[in-house]
Amino acid sequence: MESHVESMYARVALATAGGVRVVPTPDVKATTKNNADVIIEGLASRGIQHIFLVPGKLVYPLIKSIEHSTITGIVGAHETACGFMADGYARASRKFGVCLGISGPGTMNFLPAMAAAQADKIPVLYLAGGIATYHEAQGAFQDGSNSGLDELTIVKPLLSTAIEVKNNLTLPHELRRSLSCLNTQRKGRAYLSVPIDMQKTVAAGRNQPELLRIPACREAAVDQPALDMLLDNYLLRGLNVACLVGSRVNNPPDAELLLRVVEKYRLPVATTLSGKGAFPEDHELALGLYGFAGHTRAVETINGDSVDVLLVLGCDLSQRDSLNWDPKLHGTKTLVVIDEDFDKASSHYQPDVQIFSNLHGSLQGLLHIINDDDARLVCVNRLRDQWMKQVRMLPLEQQQSDLVARIAQGEANMYPGDVIKHLRRRTADDANVVVDSGAHRIFMAHHWQARGCGDYHTSSSLAPMGWAICAGIGIKLAAPQRDCLVVTGDGCMLMHGMEIQTAARYQVKMTFVVMNNSAHGAVHIDTLQNRGVSAAYTALPNHDWKAFANSLGVASACATTLEELDHALSAAAEHDGPFLIEVMVGNHVAPNHYYAESIRAYEQRIKGI
């Protein structure tokens, strides 16, 4: 019997000149397909172009199949990071992401990425190679089967399906079952573990080529009668209708449709943090951000009395989306929810009208259901334009009360909001922006103006630190035609900063901006205001991230002024590969006072329960 630790293939050659890259082995591919080939061909047939992996002997057959396929294997430093990369790839590609590792330690390292993808409902396939079936139940090294670690039981709560294949005849069926939930409507996550002997086994029915059938998934139909009702009862009546848009509209095709629909019916639009990027925030109908890091115009309008109908599109109405379940979000207005998600939205709110309908199709239907010159539409739009004149008198951003005081006290570091606005001016309109977790997330959400082309990405539900560093790589590989800017912090760099070497290894042209405030900023700001724990737990050493980047082969610069930031951005634009800019910023109060007030209000409400 062959042990799973034996070397199976010629060693992969590495080239270091001009950046490290993987050189495929030169041997000729065998004509007989094994199960590893079937799996990889199945992924390639569904348009997957990149798989993010950490190599190991238990996945050698799968790696060998990747080498001879149209898919590019991207080797990361850690399985968690590979899972985050697959997460980002799924967001930008509108397909699903795939990551690969060995069972046992590899699968356990996938867990944080599985949890983040589940929280944000991102379709990802976690592919693992297990020990040979004939080594089970004997105390084998890295045994993840049910006779060892029993990893299926561990991962199942985070997934739509978890499968271990041990039968050659059932592998094609189990592969299809795994892939069936991986689309933009079901938003499932699947784990498929294949023992190494099963990977090498000749595929069943190899002499009878199977006709490749890729289903077109339209899980939710368009509820046309509901759209007719929406038009007659709300959109064509003299009512002030506002939209609150969530993550499931935050993609290029739906964002384009949303813009045309709200312009047609003159509907002001607010987005949640997860929906930021679905609507251009410099548009005359933009209310900005509602909820976490919310804008004044959005919060005051939606929580005010002037809105008659709130139309919620693809939004969960979670804690962060709703200002801690603020009762004013519903209040006296009519709450109409349109969604295609099979999972129920927040049970805190009971919509007055709930429509289960394909979001893209619903937006198309609303766009074409009535002519632009219809007399009823012209009349109600005239009324809504008058309302919007009053709404636009509200400022977008919150005033920063501590900024003037800090400057007067001799603050040496830059205000994050100034840095962000400068980045916005220097960044292409269609660039993908990927934002990490921390104080910089609040400043970015508040001060960065999204252009409304599905251009803003963040893990908003679980919010693991360091996610954006990895996800940004997956996003750039999925959308290479668009610039990619990752905004992260020094605390996040301590988590997954090592993955910038993956961008260097494959010469991925993108820019990493590290907001260095020498702290876990979001909680450190609390300590400076005598809240939370001692500052000893939240302050960080002032690491030299420019030097760190250089040590990993990433070109870099450090900026302490906006002028230096300008020079650094110019250097990044001219550089062929990844570029890291360390920006020295202060620990200013984050523009999130509406959310802070909503926390206090919620605590007062529950005291009365």
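Tutor: The expected span of a helix is 1.5 Å times one less than its number of residues. Helices (H or I, at least four residues) are DSSP runs, numbered from the N terminus. This is a predicted model, in which local features need pLDDT of at least 70 and side-chain atom pairs count only at pLDDT 80 or more, while totals for chains, interfaces and linings use all residues. Residues are numbered from 1 along each chain as its sequence is written, and side-chain values use heavy atoms, with hydrogens and water left out.

Student: How far apart are the end C-alpha atoms of α16?

Tutor: They are 16 Å apart, which agrees with the 16 Å expected for the 12 residues of helix α16 (residues 467–478).

Student: How many of its residues are buried?

Tutor: In α16, 11 of the 12 are buried, so the helix is largely enclosed by the rest of the structure. Buried means under 20% relative accessible area, with exposed over 50% and partly exposed in between (1.4 Å probe, protein chains only). Among the buried residues are W467, C470 and K476.

Student: New topic: how many disulfides are there?

Tutor: The whole structure has zero; a disulfide is a pair of cysteine sulfur atoms within 2.5 Å.

Student: Why does C82 not bond to C99?

Tutor: The C99 sulfur is the closest cysteine sulfur to that of C82, but at 6.9 Å it is too far for a bond.

Student: Is C82 buried or exposed?

Tutor: C82 counts as buried, because its relative accessibility is 0%. C243 also counts as buried, at 2%.

Technical notes:
Helices (H or I, at least four residues) and strands (E, at least two) are DSSP runs, numbered from the N terminus.
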